[in-house]
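Q: Please take a close look at one part of this model for me, and connect it with what lies around it. I'd enjoy a guided walk, with some sense of the whole chain as well.

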Amino acid sequence: MTTHWHQLATPELSITVGDHTSHEQHEADYAGIWQITSVHDPRPLFVPKYCGMNFEFISPLPSPHFYEPRISPTELVVEEAGKRVTLHQPPTAGHRVESWTTFQIAGPCHIDWTFRYQLHELERFADGRSPNTHIGFFFASYIHRPENKAMYVLSRDAYQALMWAQFCTSLQAEHAAIPWEQDRYDLAFSEHDYGLYASRAPISFHVPLFLGRRDEMAFAVMFEDPHGVVICHGMGGGGFVEDQSDRNPAWDFFLYAKNPAANPSGRWRGRLIYKKFGGRDDILREYQQYQHSLGRDWAIPQYGPNQVPQVEKQIS
């Protein structure tokens with residue numbers, strides 16, 4: 001029997017991972033983490049009819065409103081005695097990209113995720129052998145009714161100091177993309193690519209993670225490495241709230257690699273955390289623990305004025 005969704009359970013969280021099938025309130029064509037609830041807050045984190053970590057776009061887009069990953073079939077595979085779930089998408093109709101998105105229990109309020117891709121036909125990219133061409137993957141998480149729509153990132157761009165920046169776009173898909181501070185982020189997007197990842201924000205990030213708050217809860221997405229990571233904010237991508245007095249934000253990210261011919265396959269890893277908020281420093285300790293789980297030493301950076309000149313943006 002085909003399985004369309006699976007429940008992951010940790011001491012604090014209930015996480016439903018599912019494919020593009022509709023189920024109860026959940027609408028069709030949204031695959032990823034259908035929902036998360038916590039023992040500390042039983043309300044759904046994500047907009048019930050949508051989801052989180054939804055694989056939405058493959059860039060460059062050949063036409064407007066081309067939600068290729070959402071309209072391509074996906075199969076769900078449950079492994080590790082029910083503690084790991086993979087969404088496998090065979091080669092898509094447009095770009096012919098095959099992908100695997102995996103979610104695995106990693107702690108009481110922790111889910112480790114991996115995204116892998118494989119390109120099957122480079123000719124699907126108009127200029128696929130040029131170093132100026134890219135392949136990009138956009139993921140959206142639609143947050144259900146947070147009073148504070150902002151994301152928080154560690155940035156050096158204000159006051160020449162490392163500090164937490166509160167970032168919230170005023171208009172959907174305008175100045176929404178936050179790259180790494182060493183990334184020029186000079187991609188040549190198509191005319192159809194979305195401003196959620198194509199319209200650059202006035203700040204960059206220093207540590208590859210973002211934090212969002214909803215009442216007493218903290219939602220954080222962390223990345224193993226900053227290369228090819230762009231953090232994105234959507235002020236109303238999750239649709240209107242029930243009384244239409246506001247819109248639900250989307251806390252998103254974009255993953256990319258230049259020169260598809262040189263990068264026909266690739267991988268990004270990270271960790272998702274949903275827990276009772278214990279302060280911003282707690283989030284940095286969580287990131288340190290995540291790096292330690294990968295066998296790396298990572299020192300929590302010092303807040304305040306830069307001790308050395310800011311590194312010139314040099315990633316081409």
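A: Helices, counted as H or I runs of at least four residues, and strands, counted as E runs of at least two, are DSSP runs numbered from the N terminus. The model is a predicted one. By that count the chain has three helices and 18 strands, and helix α3 makes a good place to stop and look.

Helix α3 covers residues 280–293. At 1.5 Å a residue, its 14 residues should span 20 Å, and the C-alpha atoms at its two ends are indeed 20 Å apart, so expectation and model agree. Buried means under 20% relative accessible area, and in α3 this applies to Asp 282, Ile 283, Leu 284, Glu 286, Tyr 287, Tyr 290 and Gln 291. The buried set thus includes the acidic residues Asp 282 and Glu 286 as well as the tyrosines Tyr 287 and Tyr 290.

What lies over these buried residues? The cover includes the strands β8 (110–119), β10 (151–155), β11 (161–167), β13 (209–214), β14 (217–223) and β17 (265–276). Just past the helix, Gly 295 takes a positive phi of about 80 degrees.

Let's follow some of those covering strands outwards. Phe 210 sits in β13, and at 1% relative accessibility this residue counts as buried. Setting aside neighbours within four places in sequence, Phe 210 touches Met 151, Tyr 152 and Val 153, among others; these three fall within the range of β10. The partners of Phe 210 also include Phe 219, Ala 220, Val 221 and Phe 223, which fall within β14. Ile 231 is a further partner, as are Trp 251, Asp 252 and Phe 253, and the last three belong to the stretch of β16 (250–258). By contrast, the C-alpha atom of Phe 210 is 22 Å from that of Ser 59, with the two positions 151 residues apart along the chain.

Between β10 and β11, both part of the cover on α3, the loop holds Arg 156. Arg 156 is buried, because its relative accessible area is 18%. The C-alpha atoms of Arg 156 and Pro 305 are separated by 8.4 Å, although the two residues are 149 places apart in sequence.

β17 leads to another loop. Asn 259 lies between β16 and β17 and has a positive phi of about 55 degrees without being a glycine. At 18% relative accessibility Asn 259 counts as buried. Arg 96, in the loop between β6 (84–89) and β7 (97–107), also has a positive phi, about 60 degrees, and is not a glycine either. With a relative accessible area of 25%, Arg 96 is partly exposed. As background, most residues other than glycine have a negative phi, and most peptide bonds are trans.

On that second point, a cis peptide bond joins Ser 59 and Pro 60, with omega about 10 degrees. Pro 60 is in the loop between β4 (54–59) and α1 (68–71).

One more strand is worth a visit. Val 77 has its place in β5 (75–79) and is partly exposed, at 32% relative accessible area. Beyond its neighbours within four places in sequence, Val 77 contacts Arg 84, Val 85 and Thr 86, which fall within β6. Thr 3 is 74 residues away from Val 77 in sequence, yet their C-alpha atoms are 7.9 Å apart.

Finally, let's step back to the whole chain. For 316 residues a compact globule would have a radius of gyration near 20 Å, and the 19 Å of this chain agrees with that. Its C-alpha atoms fill a box of roughly 60 × 50 × 45 Å along the principal axes. Buried residues make up 55% of the chain. Of the contacts with a separation of 6 or more, 63% link residues 24 or more positions apart. The accessible surface comes to about 13,700 Å², with 49% of it belonging to carbon and sulfur atoms. As for charge, there are 27 positive and 37 negative side chains, and the centres of the two sets lie 3 Å apart.

Conventions
Residues numbered from 1 in each chain as written. Predicted model: local features only at pLDDT ≥ 70, side-chain atom pairs only at ≥ 80, totals over all residues. Heavy atoms only, no water. Rg over C-alpha atoms; globule rule 2.2 N^0.38 Å. Buried < 20%, exposed > 50% of the residue type's maximum accessible area, 1.4 Å probe, protein only. Contact = heavy atoms within 4.5 Å. Areas by Shrake-Rupley, 256 points an atom, 1.4 Å probe, with all protein chains shown as cover. Lys, Arg positive; Asp, Glu negative; His and termini not counted. Charge placed at Lys NZ, Arg CZ, Asp CG, Glu CD. Expected span 1.5 Å × (residues − 1).
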